[in-house]
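Student: I should like a close look at a single helix of this structure and at what follows it. Please set it in the context of the other elements as well.

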Amino acid sequence: MRLSQDVIYSLLESSPNGLLVTDAEARIVFLNDYVERLSGYRRDELLGQSVDVLVPDRSRAQHAGLRQLFARAPRERAMGSGRDLMARHRDGADVPVEIALKPIQSEGKDYVIVVIIDISERKRIEDRQRLLIGELNHRIQNLFAVVQSVALHSLGGNHPLGEAREMFIDRLQSLGRAYTMMTEQEWRGAPLRQILVAETSAFADRVSLTGLDVMVRQKAAQSFALLLHELTTNAVKYGALSVPAGRVDVRWNVDREQRPGVFVLSWEETGGPVVTQPTRAGYGRRIIEDTMRRIGKHQIEYAESGLKYRMEAPVEKVGWVIEKKPPP
């Protein structure tokens with residue numbers, strides 16, 4: 001069965017790809033609706049015009065040379081066998097395309113069928129993938145640096161190997177929890193309350209958490225996780241959480257009256273053993289100091305009633321307040 005010209009024309013018009021036919025002088029003699037949408041030109045504006053009208057200005061001289069080479073030795077070029085190409089939209093914008101060529105003859109005349117596919121979406125996905133890979137590489141390098149620091153300080157001190165190994169594993173687990181939270185938040189950051197709950201959950205009945213819902217930025221989240229892990233570990237070993245009657249009150253807020261706004265967090269222990277200032281700074285103390293050196297300032301008070309810790313930092317370095325929507 002032979003298809004009628006009307007059926008063939010309808011099939012060409014409804015093709016999911018762009019179709020062009022050019023003559024021996026590279027003039028456009030046919031195009032379908034896809035090419036109109038892709039280029040922004042009306043059909044009557046393209047018919048009879050050189051195909052160069054669809055080539056970006058900067059590439060026309062090179063394109064003319066390539067056309068001449070193709071005309072001397074015409075051969076089929078499959079989709080994807082060429083370089084990345086750009087088509088010119090009527091408004092001057094570049095449109096990334098993939099092109100296939102097929103030379104044909106009809107009634108003794110030479111023509112070229114040009115198949116065009118708009119690959120803008122594919123390019124956007126590829127660019128997004130490259131961005132994500134670059135970001136992932138940065139995060140991995142950053143994580144390696146943090147893990148190296150934790151390993152050197154956890155395993156390089158005077159602690160027995162078993163104790164040092166346990167400290168190292170605990171700190172890695174704290175980092176792992178923070179990274180899990182950031183993954184759940186698509187790497188925007190991690191909820192501060194969730195970080196605190198994760199570090200103090202074993203003592204939930206003796207640790208009070210009072211504050212706004214704050215999302216800690218990605219770069220600060222791992223620092224906060226280690227900071228709060230060290231405060232909790234210290235309280236368990238030497239402070240309020242080392243005895244049944246001890247308590248810890250954690251409060252945080254944002255002072256909006258200051259410009260810029262200031263994030264404030266306090267950690268206050270009560271009911272524990274008498275606190276004395278240590279004679280040397282351990283790795284936990286160095287973590288706290290290094291964290292604040294990058295974010296803001298802090299103060300540790302070794303009061304007899306219990307350790308008191310306070311930090312202040314510009315809120316934009318810490319994160320942002322999650323505004324709750326009012327009930328309907």
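Tutor: Directly after helix α6 comes E186, a residue with a positive phi, near 55°. The model is a predicted one, and this angle is a computed value. E186 is a residue other than glycine, and its place is in the loop between α6 and β6 (189-191). With a relative accessibility of 67%, E186 counts as exposed, because the cut-off for that term is over 50%.

The helix that precedes this loop runs over residues 161-184. Its length can be checked by simple reasoning: at 1.5 Å a residue, the 24 residues of α6 should span 34 Å, and the end C-alpha atoms are 35 Å apart, which agrees.

The buried residues of α6 are A164, M167, F168, R171, S174, L175, A178, Y179, M181 and M182. A general point helps in reading such a list: an α-helix has 3.6 residues a turn, so residues three or four places apart point the same way. One of the buried residues, L175, has a relative accessible area of 2%, and a value under 20% is what the term buried requires. The C-alpha atom of L175 in α6 is separated by 8.7 Å from that of S223, which is 48 residues away along the chain.

A contrast is offered by helix α5 (residues 120-155), where F144 is found. F144 is exposed, with a relative accessible area of 54%. Together with L136 and I140, F144 forms a nonpolar patch on the surface, and the accessible area of the three residues together is about 290 Å².

The positive phi of E186 also has a counterpart elsewhere. E107 is likewise a residue other than glycine with a positive phi, near 55°. E107 lies in the loop between β4 (94-106) and β5 (109-118), and at 81% relative accessibility it counts as exposed.

The two strands that flank E107 lead to the sheet. Five strands form this open sheet with antiparallel pairing, in the order β2-β1-β5-β4-β3. At the edges stand β2 (28-31) and β3 (85-88); each has a single partner strand, so one side of each is left without a neighbour in the sheet. From one strand to the next, the twist averages 40°. The partner of β2 is strand β1 (residues 18-22), and the two pair in the antiparallel sense over three bridges. Within this pair, T22 stands opposite I28 in β2.

Notes. Residues numbered from 1 in each chain as written. Predicted model: local features only at pLDDT ≥ 70, side-chain atom pairs only at ≥ 80, totals over all residues. Heavy atoms only, no water. Helix = DSSP H or I, 4+ residues; strand = E, 2+ residues; numbered from the N terminus. Expected span 1.5 Å × (residues − 1). Buried < 20%, exposed > 50% of the residue type's maximum accessible area, 1.4 Å probe, protein only. Patch = residues over 30% accessible without salt bridge, like charges linked within 9 Å, V, L, I, M, F, W, Y side chains within 5 Å. Areas by Shrake-Rupley, 256 points an atom, 1.4 Å probe, with all protein chains shown as cover. Salt bridge = Lys/Arg side-chain N within 4 Å of Asp/Glu carboxyl O. Pairing = 2+ DSSP bridges. Axes fitted to C-alpha atoms, helices over the stretch in contact; angles between N-to-C directions.
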